[in-house]
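Trainee: I am new to this structure. Please take one part and look at it closely with me.

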Amino acid sequence: MWYELLIIMHIIGTVLGVGSATFAEIHYTRFNSDDIITDDEKKTLALTYTVMRTGLFLLVVSGFGLLLYLRLTEYTDLLTSATFLAKMTVIGVLVGNALLLQARIMPFAVGAALSLTSWYTALVLGSLRDVDASYIEILIYYAGAVVVVGGALRLIRAHFHGPKNV
Amino acid sequence: MTPFLATMLVIHVIGGVIAIGIHNVTLMHLLKKSPNYVFLSRIAWAAVALFFLSWATSAYYYVTYYGTAVKPRILAGALPAGHIFFMETKEHIFLVLPFLALSIALCISYLRTNPDDALRKSTAFLTLIALGIGAATAGAGIIVSGSV
């Protein structure tokens, strides 16, 4: 029963995180199209980021719960698999990125691309369980995806931006 | 492993992870120019309690079970570095964490009545160090478990 509960919690965390990361980008692109973010729009964005942090909290706590379950049931092979270690690295990037954005050290465009790509990468790695690639290979694909997503977000924002301010 | 030892291990891991998460939230708030020190001092003291709880339960688990039942299996297995490097590093560095958490909580309690921008920045830096050590400790714990 514990295993099922942890899996459900893990999936809810991922869904909240991926969904809110997606809507954070949609809202930001829509709200910033006139270069003015109103107080109401700021509140909507703040709420979206709160949901994202809640998702991250659920993901991390249930993730460690699952690790404990695997340790107590002696099924520890997964803990050293490339997919699992890559997923942990991506979650670490998500947390670090949030801190750097808060400290205004990370440029927003880079931080947004990292956040969105990291959430989807965590989802994909969690769904695939085990892939035929090494830890380094997975991280190279991930870095490539960050660049592609960053470029796509730039094009999307330029497309929806008001003509006067382009 | 007895149910009691399993409970000790669960408290150690979950307590530690939540305490690390609290330091993450604390750092996010300390990076603001005017953080809510009442909220921050409450969660900072909660982190202190959780780190000491995590510390005490891990000590019991280590002394009564790990050394005799787990350590020999890791040393004889495919990843002996799980104990030789990661556990040895973890058990020494983790000693620092509860006291770092205590220092952070004391600084924030002082800031609550005496706001000071320089101290806020220094406390944020100390929290960043605690967060880094906490994350490294958690990572080492995963590798140790994976080495069994």
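Mentor: Start with the contacts inside chain B. Take those with a separation of 6 or more: residues 24 or more positions apart account for 82% of them. Keep in mind that this is a predicted model.

What makes up chain B? It has five helices and zero strands. Along the sequence, the pattern reads α-α-α-α-α. The C-alpha trace of chain B spans about 55 × 25 × 15 Å along its principal axes. Chain B has 148 residues, and 42% of these count as buried.

Now pick one residue, Ala6(B). Where does Ala6(B) lie? Its place is helix α1 of chain B, which covers residues 3-30. Is Ala6(B) buried or partly exposed? Count the other C-beta atoms within 10 Å of Ala6(B): there are 15. A buried residue needs 20 or more, and an exposed one has 12 or fewer. Ala6(B) is therefore partly exposed, with its 15.

Next, look at the surroundings of Ala6(B). Tyr61(B) sits 55 residues away from Ala6(B) along the chain, yet 8.6 Å separates their C-alpha atoms. Which residues does Ala6(B) contact, leaving aside neighbours within four places in sequence? They are Leu72(A) and Met1(B). Leu72(A) belongs to chain A, so follow that lead across.

How many residues meet between the two chains? On chain A there are 17, in contact with 18 of chain B. Helices α2 (39-72) and α3 of chain A each supply at least two residues of the side that touches chain B. The most comes from α2(A), with eight residues. By type, this side of chain A divides into 12 nonpolar residues, four polar and one charged.

Stay on chain A and turn to another helix, α5, which runs over residues 135-160. This helix has 26 residues. From first C-alpha to last, α5 of chain A reaches 37 Å, close to the 38 Å expected at 1.5 Å a residue. Which residues of α5(A) are buried? Ile138(A), Tyr142(A) and Val149(A) are. The buried residues of α5(A) pack against two helices of chain A, α3 (82-102) and α4 (108-128). One general point helps when you view a helix. An α-helix has 3.6 residues a turn, so residues three or four places apart point the same way.

Go back to Ala6(B) to finish. Find this residue in helix α1 of chain B. Then trace its contacts to Met1(B) and, on the other chain, to Leu72(A).

How values were computed. Residues are numbered from 1 along each chain as its sequence is written. Chains are lettered from A and ligands numbered from 1 in the order in which they are written. This is a predicted model: local features need pLDDT of at least 70, side-chain atom pairs count only at pLDDT 80 or more; totals for chains, interfaces and linings use all residues. Helices (H or I, at least four residues) and strands (E, at least two) are DSSP runs, numbered from the N terminus. Two residues are in contact if their C-beta atoms, placed from the backbone, lie within 7 Å. The expected span of a helix is 1.5 Å times one less than its number of residues. Ala, Val, Leu, Ile, Met, Phe, Trp, Tyr, Cys and Pro count as nonpolar, Asp, Glu, Lys and Arg as charged, and the others, Gly among them, as polar.
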